[in-house]
Amino acid sequence: MRDPFGAFLVREGRVSPADLDRALAARDERRGTLTAALRAADVLPEADLVAALAAWSGLPEADPAALTEIPEHLVRPVPIQFAKRNRVLPVAETDDGRVAVVVADPEDATVLHDLRVLLGRPVAPRLAPAPQILQAINQVYERGSDMAEDLMEGFSGEGLDALAHELEEPADLLDAADEAPVIRLVNGILFQAVKDRASDVHIEPFERELQVRYRIDGVLYPVLTPPRVLQAPITSRVKVMAGLDIAEKRLPQDGRIRIKIAGKDIDIRVSVLPTAFGERVVLRLLDKSAVLLDLEELGLEGERFELFKTLITKPHGILLVTGPTGSGKTTTLYAALSRINSDDVNIITVEDPIEYQLRGVGQIQVNAKIDLTFAAGLRSILRQDPDVIMVGEIRDAETAEIAIQASLTGHLVFSTLHTNDAAGAMTRLVEMGVEPFLVSSSILAVLAQRLVRVLCTDCREAYPATAQVLDELGLAPDALPGGTLYRPVGCPRCMHTGYRGRSGIYELLVVDETVRELVMSGANAVTIREAARRRGMVTLREDGVAKLAQGLTSAEDVLRVTQDEIV
């Protein structure tokens, strides 16, 4: 037998001679270890392979609990790429001064030697299944704090001066972007953005500095100020990742990056815009592994929730969701589609861009370069025998008219509009050139929405509602039960913002006979809104106040997102 571990496996009856020969051939071809070959060939289940390695080598198996509470200072000297590639991770310090490390392949002596060098201390190997080690790596490195700031320290002092001299006039931008420190810095910015739950990353050049800001829960926070000389290489690195033209600095460019960060599949939309002080870069982050919200999680409550569930099961008509950019309109529509999605319903969407893949739903990506607009896509959809259609946005009269015709010919249509409130959607369509009788006969309902930040329950603080706050909210002194409000404080769990996550506030306008008559007569949005309120419509501000009474959000946040409301 050509391998001691292989001989042990056959002798113990854990693998057959034929399976061993196959694994040995693969090992020799790849010049790796037998353990790696057995794992790649799936000859043994992972748990059995680890048990066999323990019995053969005499190494102990790691306690699974040790993989959940790993001190961050132990992993800091070990690059995440090294840990993932070799499935190794320091987990604890032993009583005799060594570092206990979990390994998936104890046969690879080179890896253990490299770990000793990285840690500067002797190591004590423990065995663990490769998937468990990988999961622990993702968790501990994601938990690591201030990665981007830590990386910036590498650019300080004399090292920064040398780097600035080198990058002032790079011979080639691509070569400059390929410098390892710049790559590490961009990776660190993206990693920390995902860790901090940022939806957008802004990299903005000014006269004397470069600023990096994250949008977290809808609000921008400055997180990093790299030296101005790093603007060109950082921008070039992002362009290379997005497949954009690094030599073109005069025109706006758009691209896309797909990467994995800490085990999460992240889709990044890239926008590069030339400004007076250089190119401004905005990255929109979308976590593909995130689970779509159910309708129950959106924040709709009580009778309005039951009414909305009824509306999305209607056989035909248009349901519009309105609000500014970033107010969660698409998430609401996805939740509605997921709710009604079944084998006996044909759902087709036309979107720009497709943000989430919905199983069993045909999704079309708008592409202006080949004239695949919302209107063109909508026309094509109608030839696909759909039951339900989602149009990402009604931007023009042509799209609006096709959507209305589709609803009048037996299709249920979902779409979005950019208006401040629900009543404004009706008048906006008329202003686009759609006949009022078509608007009044096709629209089932309009859902206006905003997103308010949810107070961190670990640090929120109660306080008595003052007369000034009640006046700003338009409330009577006795309108709040108990007269208590909550405000943000800030703690490590919410990254000292005082908020953790967001929830929706809603205004649902159902088109009844009264609203139809008003639209037909050319009434303005204020008149339609007041008529709907008299018939029981809850406004955005009123729904926000209800969330205040629950202690879900703060008065400042409700006022921030409803400041354009007519009170």
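**Group meeting: one chain, two cores**

The chain has 24 helices and 18 strands. Before going on: this is a predicted model.

Start with the overall dimensions. Taken along the principal axes, the box filled by the C-alpha atoms is roughly 90 × 60 × 55 Å. The chain has 567 residues, and 47% of them are buried. The accessible surface comes to about 26700 Å², and carbon and sulfur atoms account for 50% of that.

Next, contacts. Taking the contacts between residues at least 6 apart in sequence, 64% join residues at least 24 apart.

Charges. There are 62 positive and 84 negative charges in the chain. The mean positions of the two sets are 1 Å apart.

Now the interior. The largest nonpolar core has 80 residues. Which of its members touch the most other members? They are Phe5, Leu89, Tyr141, Val201, Ile268, Val270 and Leu283. Helix α12, residues 180–195, gives this core its largest share, which is 8 residues.

Take Ile268 from that list as an example. What is Ile268 in contact with, leaving aside its neighbours within four places in sequence? The partners are Leu190, Gly255, Arg256, Ile257, Ile259, Leu283, Arg284 and Leu285. One of these partners, Leu283, is also on the list of residues that touch the most other members of the core.

Apart from this core lies another, of 55 residues. Its members include Leu320, Val350, Ile394 and Leu473.

To recap the interior: a core of 80 residues, and apart from it another of 55.

Notes
Residues numbered from 1 in each chain as written. Predicted model: local features only at pLDDT ≥ 70, side-chain atom pairs only at ≥ 80, totals over all residues. Heavy atoms only, no water. Helix = DSSP H or I, 4+ residues; strand = E, 2+ residues; numbered from the N terminus. Buried < 20%, exposed > 50% of the residue type's maximum accessible area, 1.4 Å probe, protein only. Contact = heavy atoms within 4.5 Å. Areas by Shrake-Rupley, 256 points an atom, 1.4 Å probe, with all protein chains shown as cover. Lys, Arg positive; Asp, Glu negative; His and termini not counted. Charge placed at Lys NZ, Arg CZ, Asp CG, Glu CD. Core = buried A, V, L, I, M, F, W, Y, C linked by side-chain atoms within 4.5 Å.
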